[in-house]
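Here are some exercises to work through with the model open in your viewer. Try each task on your own before you read the solution.

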Amino acid sequence: MYRYFFIAFISFFLIPGVARSQESSITAEVFAEVIEALAANEDQALNFGRFTTGNNGGSIVISPGGIRSAQGSVIAAGGGYSPGKFLVEGEPGATFSIQLPRTATTLVHSESGKTMDVEGWVSDPPSGDAATLSDGERLVSIGATLNIGPVDENPVGIYSGSFIVTFAYN
């Protein structure tokens with residue numbers, strides 16, 4: 001009997017059993033989708049219109065909805081004015097964000113080099129909110145505040161400049 005026990009004991013250590021690995025491999029799937037690039041075009045320039053500076057200056061505010069108001073001794077005159085309008089195009093149903101200028105933009109007088117600053121940027125849809133490209137496009141309107149000095153600081157004439165607005169997929 002000891003002999004059977006001894007043979008069983010030796011067989012247990014000498015006969016290889018089924019080994020189990022500590023790792024397992026599987027083939028998994030991976031996907032990617034290329035979508036239409038986001039593009040923006042300026043449909044309408046931001047235009048503060050015509051005005052007089054008055055003795056003390058002030059400001060002109062253009063809302064994204066196209067409402068213009070004059071403050072201080074500035075008097076708005078006739079003629080055209082408008083918010084900036086941009087057509088953003090991309091993947092239908094995708095969302096995007098709007099980044100407005102973080103600092104003032106300077107407008108320069110065409111002859112004297114005197115300047116005015118534009119600040120207080122606002123947009124519709126609002127910057128910081130996710131906007132949706134319904135049917136692959138969305139119109140974005142931008143307004144701001146133009147700060148105007150008295151006539152000796154801001155003589156009669158045309159002032160111009162540019163600003164950067166960034167549109168990005170979320």
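Two strands count as paired if DSSP finds at least two bridges between them. Keep that rule at hand for the strand exercises below, and bear in mind that this model is predicted.

**Exercise 1. Take stock of the chain.**
Task: Find how many helices and strands the protein chain has, and which pattern they follow along the sequence.

Solution.
- Step 1: Counting the elements gives one helix and 13 strands.
- Step 2: Reading along the sequence, the pattern is α-β-β-β-β-β-β-β-β-β-β-β-β-β.
- Step 3: Of the 170 residues in the protein chain, 28% are buried.
- Step 4: Take the contacts with a separation of 6 or more; residues 24 or more positions apart account for 71% of them.

**Exercise 2. Work out the order of a sheet.**
Task: Put strands E7, E10 and E13 in their order within the open sheet, and say which of them are edge strands.

Solution.
- Step 1: Start with strand E7, residues 95-99, which is joined to E13 by four bridges, the two running antiparallel. Four bridges satisfy the rule of at least two, so E7 and E13 are paired.
- Step 2: Check this pairing residue by residue: Phe 96 stands opposite Tyr 169 in E13, and the partner of Ser 97 in E13 is Ala 168.
- Step 3: Turn to E10, which pairs with E7 over two bridges, again in the antiparallel sense. Here Thr 95 has Thr 132 of E10 as its bridge partner.
- Step 4: Put together, the order is E10-E7-E13 in an open sheet of three strands. Strand E10 (131-132) and strand E13 (166-169) are the edge strands, each pairing on one side only.

**Exercise 3. Separate the two faces of a strand.**
Task: Decide which residues of E7 lie on its covered face and which on its uncovered face.

Solution.
- Step 1: Recall that side chains in a regular strand alternate between the two faces of the sheet.
- Step 2: In E7, the covered face holds Phe 96 and Ile 98, while the uncovered one holds Thr 95, Ser 97 and Gln 99.
- Step 3: Test one residue of the covered face: Phe 96 has 0% relative accessibility, so Phe 96 counts as buried.

**Exercise 4. Classify the aromatic pairs.**
Task: Describe two of the four aromatic pairs found in a search of the whole structure.

Solution.
- Step 1: A pair of aromatic rings is described by the distance of the centres and the angle of the planes.
- Step 2: For Phe 96 and Phe 167, these are 6.2 Å centre to centre and 65° between the planes, an edge-to-face pair. The pair links distant parts of the chain, with Phe 96 in strand E7 and Phe 167 in strand E13, 71 residues apart. At 15% relative accessibility, Phe 167 counts as buried.
- Step 3: For Trp 121 and Phe 163, the ring centres are 4.6 Å apart and the planes are at 35°, so this pair is tilted. Trp 121 lies in strand E9 and Phe 163 in the loop between E12 and E13, so the pair ties together parts that are 42 residues apart in sequence.
- Step 4: Compare the accessibility of these two: Trp 121 is buried at 12% relative accessible area, whereas Phe 163 is partly exposed at 24%.
- Step 5: Join the rings up: Phe 86, Phe 96, Trp 121, Phe 163 and Phe 167 form one aromatic cluster.

**Exercise 5. Trace the partners of E11.**
Task: Find how many bridges join E11 to E3, to E6 and to E9.

Solution.
- Step 1: Strand E3 (residues 58-62) and strand E11 (residues 137-148) run antiparallel and are joined by five bridges. Ile 62 has Ala 144 of E11 as its bridge partner.
- Step 2: Strand E6 (residues 84-89) is joined to E11 by six bridges, also antiparallel. Gly 84 has Ile 142 as its partner in E11.
- Step 3: E9 pairs with E11 over six bridges in the antiparallel sense. Asp 117 stands opposite Asn 147 in E11.

**Exercise 6. Describe the largest pocket.**
Task: Give the volume of the largest pocket, and say what lines the pocket.

Solution.
- Step 1: The space in the largest pocket comes to about 710 Å³.
- Step 2: Its lining has 28 residues, and those nearest the centre are Gly 49, Phe 51, Gly 157, Ile 158 and Tyr 159.
- Step 3: By class, the lining has 16 nonpolar, ten polar and two charged residues.
- Step 4: Among the strands, E9 supplies the largest share of the lining, three residues.

Definitions and conventions:
Residues numbered from 1 in each chain as written. Predicted model: local features only at pLDDT ≥ 70, side-chain atom pairs only at ≥ 80, totals over all residues. Heavy atoms only, no water. 1 Å grid on protein atoms, 1.4 Å probe; cavity = no way out; pocket = protein on both sides within 12 Å on 5 of 7 lines; lining within 4 Å. Points joined across faces, edges and corners; volume = space filled by probe spheres on them. Nonpolar A, V, L, I, M, F, W, Y, C, P; charged D, E, K, R; others polar. Phe/Tyr/Trp six-rings, centres within 6.5 Å; stacked < 30°, edge-to-face > 60°. Buried < 20%, exposed > 50% of the residue type's maximum accessible area, 1.4 Å probe, protein only. Contact = heavy atoms within 4.5 Å.
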